Amino acid sequence: MDHFIVEGGNRLEGSVTISGAKNSVLKLMAASILGRGMTHLSNVPRIADVFIMADVLRELGATVEFKDDVLEIDTSSELRTVASYELVRRMRASFNVLGPLLGRYGHARVALPGGCNIGMRPVDLHERSLASLGVAFSFDHGYLEGVAPELTGSRIVLDFPSRGATENLLTASVMARGTTVIENAAREPDIIDLAEFLNRMGARVHGAGTSTIEVEGVEELNSASYVVPSDPIEAGTFALAVLATRGDGELVGARPGDLEVFLNKITQTGALWTETDRGIRVSISTRPRSVDFVTLPHPGFPTDLLAQMISYLATADGTSIATENIFESRYMYVAELNRMGADISIEGHHAVIRGIPKLQGTQVRATDLRAGAALLIAALSADGPSEIHDIHHIDRGYEDLDDKLRQLGARVSRISETSPAFLP
Ligand code: EPZ
């Protein structure tokens, strides 16, 4: 167990290279199951979630290894079709192997992922929509088992543009007989990445990135290579760290098209952003103005930047109202922020953020991945030192976060908690 020690108050300035997108690479790794050969993924972030997904693939019988900067996944041998609770409970995105296993073998037995600190995270949309392709599901002892002697294309309308359900539908339907149409599909960048990767494998996916995706089934798929694009959520996180410290930073690799609504919102607070030939540059020289914002499925404001935006607005001039529309309880960490002197109250899906001039450093603990990043942003802008505990949450989705922040001038260090003296 490690924790961060942060000395707040430094303006963050300079350039930092954003790593490959966590929420893309995990799906590409799962989709590699559909090919009978060697998959090569590059620009893969070395984060805990990638290592867990690698263990899931190994449990199924694939070989997975980093060769220099390339992740090689060999799925040429016949794979097992059971994903155990031990691995799925460690990372709910393991559930994304359901679609590819059904697509390649017509069978999958996957432990049901539980809820997490941000919500119940049900999988009913996955189950209902895959059943439309002819999958017969049964549930026993915490496992969902799907059997499909033959997958048949169908028109599916998702109640909600679920990313996971869209992804499992894509990977199950690429070798179905006939055509599948997914209406109200998720539109996030990782959906576009997955479709592009599947098409490189020989699939025929059209319309990814829009609400209607059409998949023409093919006989077989071949393994392929792919470069994982820059992580939009990491880029947004760093943008807010720079702005919270009134700094000026360049996010190398970041793509403005992934973050349009977010960039509009920070502009409304008085921040400046420009596209450079390497990425996005953000800066602010005054105290930010307050702003209201709501989270929505892409292309709306990403829920995965809610916590970080609240940390930024905690010291804005005025009162901001945030509305979380995707998950039912993504405000757990606000109590920690208020211990740093923030003045935030939660009313249902809304957070009322009354801006104060300065946060004060103290000991806090991360409650989930993005909350941990948000507390780090708050500590960087606070007066005096902070300790951030339970940072294993942060290590799940951010590669070398403290190194990168130090590159921008942050005074942050990682302390290994080996002795009882450090117990939080
Ligand atoms: C993905 O989770 C991301 N994870 C999450 O990022 C992100 O917050 C979320 O999408 C929303 O954008 C990965 O990509 C690995 P959903 P996912 O299916 O696919 C409800 C992070 O910090 N729902 O779009 O699980 C669900 O309860 C993580 O990187 C159902 O009701 O999200 C939630 O309220 C956190 N039934 C909403 O839809 C279902 O069958 C969004 O879920 C499926 C989902």
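**Exercise 1. Work out into which domains the protein chain is divided, and how far apart their centres lie.**

Solution. Start with the division: the protein chain consists of domain 1 (3-19 + 231-415) and domain 2 (22-217), with bounds that come from an automatic or database domain assignment. Next, take the centres over C-alpha atoms, which gives a separation of 30 Å between domain 1 and domain 2. Finally, turn to the contact, meaning heavy atoms within 4.5 Å: domain 1 gives 24 residues to it and domain 2 gives 22 residues.

The model used here is predicted, so local features need pLDDT of at least 70 and side-chain atom pairs count only at pLDDT 80 or more, while totals for chains, interfaces and linings use all residues. Residues are numbered from 1 along each chain as its sequence is written, and side-chain values use heavy atoms, with hydrogens and water left out.

**Exercise 2. Describe the shell around the ligand and state where the ligand lies relative to the two domains.**

Solution. First count the shell: 23 residues surround the ligand (each with a heavy atom within 4 Å of it), and the closest are Asp124, Leu125, Ser162, Asp304 and Ile326. Then sort the shell by type, which yields nine nonpolar, five polar and nine charged residues; here Ala, Val, Leu, Ile, Met, Phe, Trp, Tyr, Cys and Pro count as nonpolar, Asp, Glu, Lys and Arg as charged, and the others, Gly among them, as polar. Because domain 1 and domain 2 both give residues to this shell, the ligand lies between them.

**Exercise 3. Find which protein atoms are paired with oxygen atoms of the ligand, and how much of the ligand the protein covers.**

Solution. Look for pairs of N or O atoms within 3.5 Å. A polar side-chain atom of Asp304 is 2.6 Å from a ligand oxygen atom, a polar backbone atom of Ile326 is 2.6 Å from a ligand oxygen atom, and for a polar backbone atom of Pro122 the distance is 3.3 Å. As the last step, consider the 820 Å² of accessible area that the ligand has on its own, of which the protein covers 87% (Shrake-Rupley method, 1.4 Å probe).

**Exercise 4. Decide whether Glu216 is buried, partly exposed or exposed, and name the residue whose side chain makes a polar contact with the side chain of Glu216.**

Solution. Glu216 has 28% relative accessibility and therefore counts as partly exposed, since buried means under 20%, exposed over 50%, and partly exposed in between (1.4 Å probe, protein chains only). Among the residues that Glu216 touches, leaving aside those up to four places away in sequence, are Val174, Arg204 and His206. The side chain of His206 makes the polar contact with that of Glu216, at 3.0 Å; within protein, one atom must be able to donate a hydrogen and the other to accept it, and residues adjacent in sequence count only if both atoms are side-chain atoms.
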